[in-house]
Amino acid sequence: MISPSISTKIIHQHQRIQMKQTDPQSGMESLYLEVSTQNDTVSLPLHSSIVLFLLSYTECTSFRVFLVTDQPGILQSLSGLVPEGLSVSEVMRDKLPELVRMCRLPAALEPDVCFCRAGLAVVLRHIIQRTCKLIPGRRDVASLLGFKNTCLKACAEVSQWTRLCELDIPCAVEKHLQNPEEQVPSAILNLEKRLGEPVKVHNDDKIRRQKLQQQKKTSSQSEAQLNGPSSEEGPLTQGHLNESDHGVELSAALAKLSVNAVPAVSTRECSDIRKVKTTDLPELEHVFAEGLYFTLTDVVLLPCIHQYLISLQKHAASSLSHLPLLLSWYQRVQELPSVLRAAKDCGMALHSLNAADPCPPHPEAPQPSEAQHKAPKLKQQPFIGGPRPTLTKLQDNGIDAVFSPHPCPSWTLDWESLPVAVNPTEGKMSDARAIRKQQQLNNLVAMVTEMARPGHIVVDFCSGGGHVGIVLAHRLPKCQVILIENKEESLVRARDRSAQLGLTNIGFIQTNLDYFIGNFNIGVALHACGVATDMVLDRCLQARAGFVVSPCCYGFIQNTLKFNFPKSTRFAETLSYKEHMILCRFADQTAVSLPTERRSIGKRCMGLVDLDRSWAAETQGYSVRVMTMVPEGCSPKNNMLVGEPTR
């Protein structure tokens, strides 16, 4: 939190901000950040602070930043927390663009106002990619995305690491700041544990052999050679990090921290080092959060851990002794000049913290996560593998797959008369696959057309390249169609195809499903993998929207923080979680290359898994039909769940 100040510097910055408000700068991409106002005190939530910190670290000024508020006149109170080089305005929540209003913040909106990116990890990755595109030489910025540009790319629904960094730690710290306690949150303890685990990186065998060689060389040196430089030489910089702490690990890390760094010349290890078995090599230790290299993860964690450690020092300094690895990491990131500059720019007064008590030899064991707390206690009973015992058990309890007749089996779009960009044959796929895709689209479009009314909002979840959404937008010009996808490359392809058609009733949101909070009338998803189908159904139920969903990848279904299986009461009273997972695994056995009997069992298992889903929806006031696409050969995953609210 920050109190208003009337210093000359703040007045001048406020005047610059007010001038920028009058300049539309229409060519700039807009970035929307949340602002908190409590008891007349204005502050930035951690997600907003993290975004601003990254903007400063990357020196990116190609966004126009909008601070979203319910109370006007908040800019002056936040002057010390917003980097001076940014174009900043405030905007009332009820004035947000439609796509932004449908998402949790932060969110970035392109100038054409039809392509939005939402969610912390998605927005941060976009800032890095945009910076690298505008300034190709920023190798230090590009390295933030990690090996193969995958840092925080996996969505929080499937990646425990992304969930820990993007959601769990910021939430835990904000909860702690509201009610400081001595007990360390489980998310912080889990991070401490991760920092103590051995590091696995690309080509780590080579680095581990270098470490072994360095260890042997160091052990043979004199006491004078072992002593590092005096601490009186001044503050540490990227070129003066104490390499005696991590040796080879730190050398590898430094190679990626410099803007103009060039790869070090590799040296061949001596023969006795090359002969050492991989299992006998020393493990690599963490230099930064994900291992050896400073990445986007460190940028996300620093504002969170900074506020948490400062709060601990104020309220319970002895608690710092439980976090020796986190303290070491916090001190290490402060040794980077770019971090210090960005922290100063964002009003973060980084401190040198020490544990009040000697650190215990091992950190306190992490507490179970919220997901582990909520996971059902499974009875450990003997179980015979294969689907037949499970199918028999269901049948004995009067449960079997039931498929509703298809209401319009001969309905089809006139593909020959449609523009080329609407047709899936426009994509990179074989002719046979394109025909099957057309058949799949016939089924979904027919059901959506039956439900849709003028003015309806139709959301194509997990939209991929837009095969479903683009057809719907073209066929239903009086409806608004929103495509939601977390893979940027796929969504950009969909946007380009819609631009060829000149569609004006379509929008694109790159985000994870949890960040989409908009209201809509119909939800559609073609082959949403695993629990993604259940997430789509959940969003439709929350919005009281109709749905047309074709599930896929049944074998990936598993209990999550939000969903437990079986979902319906009747299935849960009949099957254990393990038995239900047997159904899901065998539901994937429907490939045309399999024997007929095996495919028949797979289809039956598909029907039972989707029957469980339909019964769960019916308890929430829905009428649901489970049906088979026509022709059946259009896809091995040819089930379709069609539901509408009855109350």
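**Reading a predicted chain, feature by feature**

Reader: Let's start with one residue. Is N512 buried or exposed?

Author: N512 is buried, with a relative accessible area of 7%. To read that number, hold it against the cut-off: buried means under 20% relative accessible area. Keep in mind that this is a predicted model.

Reader: Where does N512 lie, and which residues does N512 touch?

Author: Find the loop between β10 (506-510) and β11 (522-529); N512 lies there. Leaving out residues up to four places away in sequence, N512 touches C155, A156, E157, E166 and N486.

Reader: Okay, let me zoom out. How many helices and strands does the chain have?

Author: The secondary structure comes to 23 helices and 14 strands. The chain has 647 residues, and buried ones make up 52% of them.

Reader: What share of the contacts is between residues 24 or more positions apart?

Author: Among contacts with a separation of 6 or more, residues 24 or more positions apart account for 74%. As for the outside, the chain exposes about 30,400 Å², and carbon and sulfur atoms supply 51% of that area.

Reader: Now a helix. Which residues of α14 are buried?

Author: In α14, which covers residues 337-345, the buried ones are S338, V339, A342 and A343. Look down the axis of α14 and these buried residues fall within an arc of 130 degrees, so they line one face of the helix.

Reader: What do the buried residues of α14 pack against?

Author: Three helices: α2 (46-58), α12 (296-315) and α13 (324-333). After α14 comes G347, with a positive phi near 70 degrees.

Reader: A positive phi in a glycine, then. Which residues have a positive phi although they are not glycines?

Author: Two to look at are K148, with a phi of about 55 degrees, and C553, at about 50 degrees. K148 is found in the loop between α5 (139-142) and α6 (160-178), while C553 is in the loop between β12 and α21.

Reader: Are K148 and C553 buried or exposed?

Author: One of each! K148 is exposed, with a relative accessible area of 66%. C553, at 17% relative accessibility, counts as buried, because the cut-off is under 20%.

Reader: On to strands. How many residues of β14 are buried?

Author: Five of the seven residues in β14 (residues 639-645) are buried, so the strand is largely enclosed by the rest of the structure.

Reader: How many bridges join β14 to β13, and how many join β14 to β12?

Author: Seven bridges join β13 (residues 622-628) to β14, and these two strands run antiparallel. Between β12 and β14 there are three bridges, again with an antiparallel run. For a pair to spot on screen, V626 has L641 of β14 as its bridge partner. On the β12 side, V548 is partnered with V642 of β14.

Reader: Last one: which peptide bonds are cis?

Author: Two to check by their omega angle. A cis bond joins L105 and P106, with omega about 10 degrees. Another cis bond runs from F565 to P566, where omega is near -5 degrees.

Reader: Where are P106 and P566 placed?

Author: P106 sits in the loop between α3 (98-101) and β6 (107-109). P566 is in the loop between β12 (546-552) and α21 (569-574), and you've already met that loop as the place of C553.

Key
Residues are numbered from 1 along each chain as its sequence is written. This is a predicted model: local features need pLDDT of at least 70, side-chain atom pairs count only at pLDDT 80 or more; totals for chains, interfaces and linings use all residues. Side-chain values use heavy atoms; hydrogens and water are left out. Helices (H or I, at least four residues) and strands (E, at least two) are DSSP runs, numbered from the N terminus. Buried means under 20% relative accessible area, exposed over 50%, partly exposed in between (1.4 Å probe, protein chains only). The arc is that of the directions from the helix axis to the C-beta atoms. Contact means heavy atoms within 4.5 Å. Accessible areas come from the Shrake-Rupley method with a 1.4 Å probe; for residues, only the protein chains shown count as cover. Two strands pair if DSSP finds at least two bridges between them.
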